[in-house]
Amino acid sequence: MGSDVGHLDKLHSSRFLATCLIGGVVLGATVFGFYHGFLQPPLGILKKKKKKPVRVYMDGCFDMMHYGHCNALRQARALGDQLVVGVVSDAEITANKGPPVTPIHERLIMVSALKWVDEVIPDAPYAITEDFMKKLFTEYNIDYIIHGDDPCLLPDGTDAYALAKKAGRYKQIKRTEGVSSTDIVGRMLLCVRERSGGDSHSHSSLQRQFSHGRSQKLEDGGSGNGTRVSHFLPTSRRIVQFSNGKGPGPDSRIVYIDGSFDLFHAGHVEILKLARGLGDFLLVGIHTDQTVSANRGAHRPIMNLHERSLSVLACRYVDEVIIGAPGEVSKDMITTFNISLVVHGTVAEENGFQKVKSNPYAVPIEMGIYRQLESPLDITTSTIIRRIVSNHKAYQKRNEKKAESERKYYESKSYVAGD
């Protein structure tokens, strides 16, 4: 009987111990789960919330687009994640500055082709009104409006970006020194005046207006048959900023196209787009100033080698450029750059090579890797120059209007400073 009682006591003790052990495990698991759940947020919260892209807006006329415009848009893009660009209409430019040299459809081609531009708004107003600013913020989700540190004035002398500044949604970038549309027109008119004696007085007067009265130094030392020396000082950093920074892959089909690409225009953009579509990597050869002069006369090029190279590099269809490419495409060059196809457009000012003994494309033609492309637009550098010359009175008036607006602006600034 006593042994039975002892056995029952042991049995109860064992059950009690087992119950405690199981309860402890359950309690521990519950506490651990509560502790772990307290410290660790739910799985949905663990996922990083997607950051809203910063959208910035910059507008402009972008008339006779040059590397200064490109650099401005590059700087604007660096202030956000997406760049929306407003291209001012022809009517608005005419009303505020005078007639544009390039019509809006050409300017839209140029702006859309820039590698830093994500979206384009055509026919943007010259002045940012209250209604348009609201549209930018609500419909286009713009966070900041960008402009350069040079004055942008309305005909009455007021700041075109006053409302954006007042709203606290304005950011400023540095102007690219050494180039402006005004300066480029001055170079064009100088070369036209030197090339032809006709109407020299009008051309000389207009050239002085567009050159801000600066001394006209010539590349050939002042002999009277060269173009103006550019104020642009190229640096390796600027070239890197414009470059893609990527080379072709081992199996890439490399397409090569060369030329002067002077006064980079919509015709250049369209032929480069066409060429890029024929391969995986577009290599562009930019001819030296000497080569261009030999083909087109001592008055060319208007833009120097480095200016032309930057304009081409800014184009989204271009992967790499050869700065100072030879006039002839050699076998060694084709091998060195692993070129698969050499192309050339039908619209070019030196297409007379087909009539002379020395054909710069003889080697790729012989190798069966040459192709002539039908140029989408019939525009050349001479087309742009002819537009300037034929409307020289209108452009002279436009430049005088700009100078007067800037004078009023700086006078008002000095008055405020004096107060």
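**Notebook: the sheet and the cores**

I began with the sheet, which is open, has 5 strands in the order 8-7-6-9-10 and pairs in parallel. Strand 8 (320-325) and strand 10 (370-373) are at the edges with a single partner strand each, so one side of each has no neighbour in the sheet. From one strand to the next, the twist averages 25°.

A note on provenance: this is a predicted model, where local features need pLDDT of at least 70, side-chain atom pairs count only at pLDDT 80 or more, and totals for chains, interfaces and linings use all residues. Residues are numbered from 1 along each chain as its sequence is written, and side-chain values use heavy atoms, leaving out hydrogens and water.

My terms: strands (E, at least two residues) and helices (H or I, at least four) are DSSP runs numbered from the N terminus, and two strands pair if DSSP finds at least two bridges between them. Angles run from 0 to 180 degrees between N-to-C directions, with axes fitted to C-alpha atoms, for helices over the stretch in contact.

Next I checked strand 9 (residues 339-345), which pairs with strand 10 over 4 bridges in the parallel sense. Gly345 has Leu373 of strand 10 as its bridge partner.

Then I looked up helix 11 (residues 266-276), which packs on the sheet and touches (heavy atoms within 4.5 Å) strand 6 (254-259), strand 7 (281-287), strand 9 and strand 10. The direction of helix 11 makes about 140° with that of strand 7. Helix 13 (residues 305-313) also packs on the sheet, touching strand 7 and strand 8, at about 160° to the direction of strand 7.
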